[in-house]
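Subject: Structure handover

Hello,

Here is the structure I promised to pass on. Please open it alongside this message. My notes follow below.

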Amino acid sequence: MITLVSQDIHLFPSTFPTNPLQQMTVENQSSVSEFLLLGIPIQPEQQGVFFALFLCMYLTTVLGNLLILLLIRLDSRLHNPMYFFLSHLALTDITFSSVTVPKMLVIMQTKCKSIPYAGCLSQTCFFILLADLDSFLITTMAYDRYVAICHPLHYTTIMSQSVCVTLVLGSWVIACACALLHTLLLARLSFCADNTIPFFFCDLAALLKLSCSDTSLNQLVIFTAGLTAIMLPFVCILVSYGHIGATILRVPSAKGICKALSTCGSHLSVVTLYYGAIIGVYFLPSSNSTNDSNIISSLMYTVVTPMLNPFIYSLRNKDMKGALRKLLSKRTYSSN
């Protein structure tokens, strides 16, 4: 019996790696169970200030967009295509910020930088989904303004309820497809010993750099899907506002020109900030760019833009101000 066992072990020596170097290689090729997020590179004595700053920005984003949803829900005068798209954009901005900012605040406050492998992939999936959805919704809003200003007599016919629902559902379907495609391609990759992400969230590009597998297919999908979800909507927005600008300049009223240009200029400033940061980080990587500059650019479209959208798209709007005054007057009357 002893002879048989020794022969079995002799027949399959590779099953039991006794060489330390061979054992280390096997361990390095195994997938990691968690990642480490380094967060924002700030000095320890400044942690409290930045924590309070980003917490205030996050609360402003959530409360401001919740206020938009409440006003649109309660005021029947806001039940039109423009505010239908705006309500979906507000909900998207809340969830978009909630995907990354709470974890960033936890890292700053508790120094707990670990995130499970499944949690990291989930964060990446929802981040791509909501970023693409945000892009498509901003594009539909630009198209809505184009129809309202350039074709006012056909506005109710073109922007019917069925068309608005179709545009939103189409945005969801394409965004989900892009996010699912990126996530499935990411899940097939292997990650070696290095599990440190020099970012404040599980960024897709940062994860690809950590992989020890071939990422050429992932890079190709990032480029092609990025053209569909980011560059194409950005071009559509510029074309829409170009037609709007040409139409406005043909209007003889100077007051109408100033008002329309002010509104379009505010919208375009947020669009430029949002798309400019994304394009700079993912599509135009410079050899001189540092990780700190990429983090600052990412903060622009993950934290700053969702916070500014309530002010740019609604709180400067006369109808939204009227709805807010109406809500406050009801509250005051009921309290008395």
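First, the annotation. The unreviewed UniProt entry marks residues 49-72, 84-105, 158-182, 220-239, 260-283 and 295-315 as "transmembrane region". Please keep in mind that the model is predicted.

I looked at two of those spans. Residues 49-72 are 100% helix and 0% strand. Their end C-alpha atoms are 35 Å apart. Residues 84-105 are also 100% helix and 0% strand. Here the end C-alpha atoms lie 32 Å apart.

Next, the sheet. Three strands make an open sheet, ordered β2-β1-β3, with mixed pairing. The edges are β2 (114-116) and β3 (196-197), each of which pairs on one side only. Strand β1 covers residues 34-37 and pairs with β2 in the antiparallel sense, over three bridges. One contact to look up is Leu 36, whose bridge partner in β2 is Ser 114. As a reminder, strands of a sheet pair through backbone hydrogen bonds, either parallel or antiparallel. Helix α5 (residues 117-150) lies across β1, β2 and β3. The angle between α5 and β2 is about 85 degrees.

Now the cysteines. How many disulfides are there? The count comes to two.

Cys 120 is joined to Cys 202, with an S to S distance of 2.0 Å. This link is left-handed, at -125 degrees about the S-S bond. Cys 120 lies in helix α5 and Cys 202 in the loop between β3 and α8 (204-210), so the disulfide ties together parts 82 residues apart in sequence. Both Cys 120 and Cys 202 are buried.

The other disulfide joins Cys 192 to Cys 212, S to S 2.1 Å. The link of Cys 192 and Cys 212 is right-handed, with 120 degrees about the S-S bond. Cys 192 sits in the loop between α7 (161-187) and β3, and Cys 212 in the loop between α8 and α9 (216-249). These two cysteines are 20 residues apart, and the pair links distant parts of the chain. Why does Cys 212 count as partly exposed? Its relative accessibility is 40%, and the partly exposed class runs between 20% and 50%.

Counting bonded cysteines along the chain, the disulfide pattern is 1-3, 2-4. Cys 176 is in no disulfide. The nearest cysteine sulfur belongs to Cys 125, 8.0 Å away, whereas a disulfide needs sulfur atoms within 2.5 Å. Cys 176 is partly exposed, at 34% relative accessibility. Cys 164 is buried, with a relative accessible area of 4%.

Last, the aromatics. The structure holds 15 aromatic pairs. One of them is Phe 127 with Tyr 301: the ring centres are 6.1 Å apart and the planes meet at 55 degrees, so the pair is tilted. Phe 127 is in helix α5 and Tyr 301 in helix α11 (residues 291-315). They are 174 residues apart, so to speak of distant parts of the chain being linked is fair. Buried or exposed? Phe 127 counts as buried, at 7% relative accessibility. Tyr 301 is buried too, with a relative accessible area of 1%. Both residues belong to one aromatic cluster, which also holds Phe 96, Phe 199, Phe 200, Phe 201, Phe 234, Tyr 274 and Tyr 275.

Best wishes

Notes. Residues are numbered from 1 along each chain as its sequence is written. This is a predicted model: local features need pLDDT of at least 70, side-chain atom pairs count only at pLDDT 80 or more; totals for chains, interfaces and linings use all residues. Side-chain values use heavy atoms; hydrogens and water are left out. Two strands pair if DSSP finds at least two bridges between them. Helices (H or I, at least four residues) and strands (E, at least two) are DSSP runs, numbered from the N terminus. Contact means heavy atoms within 4.5 Å. Axes are lines fitted to C-alpha atoms, for helices over the stretch in contact, and angles run from 0 to 180 degrees between N-to-C directions. Buried means under 20% relative accessible area, exposed over 50%, partly exposed in between (1.4 Å probe, protein chains only). UniProt positions are given in the numbering used here, feature names are shortened, and annotations may be inferred rather than shown by experiment. Rings of Phe, Tyr and Trp (its six-membered ring) pair if their centres lie within 6.5 Å; planes under 30 degrees apart count as stacked, over 60 as edge-to-face and the rest as tilted.
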